[in-house]
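Got your viewer open? Let's take a short walk around the ligand and the space that holds it.

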Amino acid sequence: PGIVVLISGSGTNLQALIDAAGDGRIPGRIRAVISNRPDVAGLERAARAGIHHEVINHQDYDTREAFDAALMTGIDAHGPDLVVLAGFMRVLTPGFVGHYSGRLLNIHPSLLPAYRGLHTHERALEDGVEHHGCSIHFVNTELDGGPVIIQARVAVLADDTPDTLADRVQQQEHRIYPQVVRWFCQGRLTLADGQVWLDEK
Ligand code: GRF
């Protein structure tokens, strides 16, 4: 199966997927990496891996709809079976989400439904929660609200800072995203009527 990965920044989740596709853990091929921002480290990661990469800059479009339309055209040029949001920092329109329904994944650095939105690690620390983590979900029209596929949990330590907590969460992100993409490429992971199904092999 063909995969297109959308990024906005460092691309450490992209790197985890590149590594997993390279060593066979993901039975699929990353056909393209698209960033909405130029000059980000994730684009270099794609270049080093010899993966087609391009920038579709949201600043070049007057409306959210126009940007999403250009993004869809860019994505569909590669005919993907799966679109993966990996550190992609744009809110997508209902038209875009509907077009990729059931084959659009996102990772969010919190134990959803807690801490939707930004600055999740700071907020978790402020609240003094015992556990924090990350969630992978199918994307729907609610921001960070789609059906959750899997969550990884970390204990919050007394001396945690947002950075130390984010580091431990990201280690879990890099562990579970390849796992979820593997399941999808095996044809075992489906979204039906808002329910997530993981079929046996
Ligand atoms: C990660 O914490 C991810 O959960 C969030 O964006 C952050 C950066 O991801 N979506 P990456 O290093 O660009 O993959």
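How far does a polar side-chain atom of Ser10 lie from an oxygen atom of the ligand? Select Ser10 and check: the distance is 2.6 Å, which fits a polar contact (a pair of N or O atoms within 3.5 Å). This is a predicted model, where local features need pLDDT of at least 70, side-chain atom pairs count only at pLDDT 80 or more, and totals for chains, interfaces and linings use all residues. Residues are numbered from 1 along each chain as its sequence is written, and side-chain values use heavy atoms, with hydrogens and water left out.

Next, click Thr12: an N or O atom in its side chain is 2.6 Å from an oxygen atom of the ligand. Then try Ile107, where a backbone N or O atom lies 3.4 Å from a nitrogen atom of the ligand.

Now show the residues with a heavy atom within 4 Å of the ligand. Besides these three, the ligand's surroundings include Gly11, Asn13, Gly87, Pro109, Gln170 and Glu173.

Zoom out a little. The ligand sits in the largest pocket, meaning more than half of its atoms lie within 2 Å of the pocket's grid points. A pocket here is an open set of points on a 1 Å grid over the protein atoms alone, where a 1.4 Å probe fits and protein lies on both sides within 12 Å along at least five of seven lines; lining residues have an atom within 4 Å of a point.

Select Gly87, Phe88, Met89, Pro109 and Leu118 to find the lining residues nearest the pocket's centre. Finish on H6 (162-185), which gives five residues, the largest share of the lining; helices are DSSP runs of H or I, at least four residues, numbered from the N terminus.

Technical notes:
Helix = DSSP H or I, 4+ residues; strand = E, 2+ residues; numbered from the N terminus. Polar contact = N/O pair within 3.5 Å; in protein donor to acceptor, adjacent residues only side chain to side chain.
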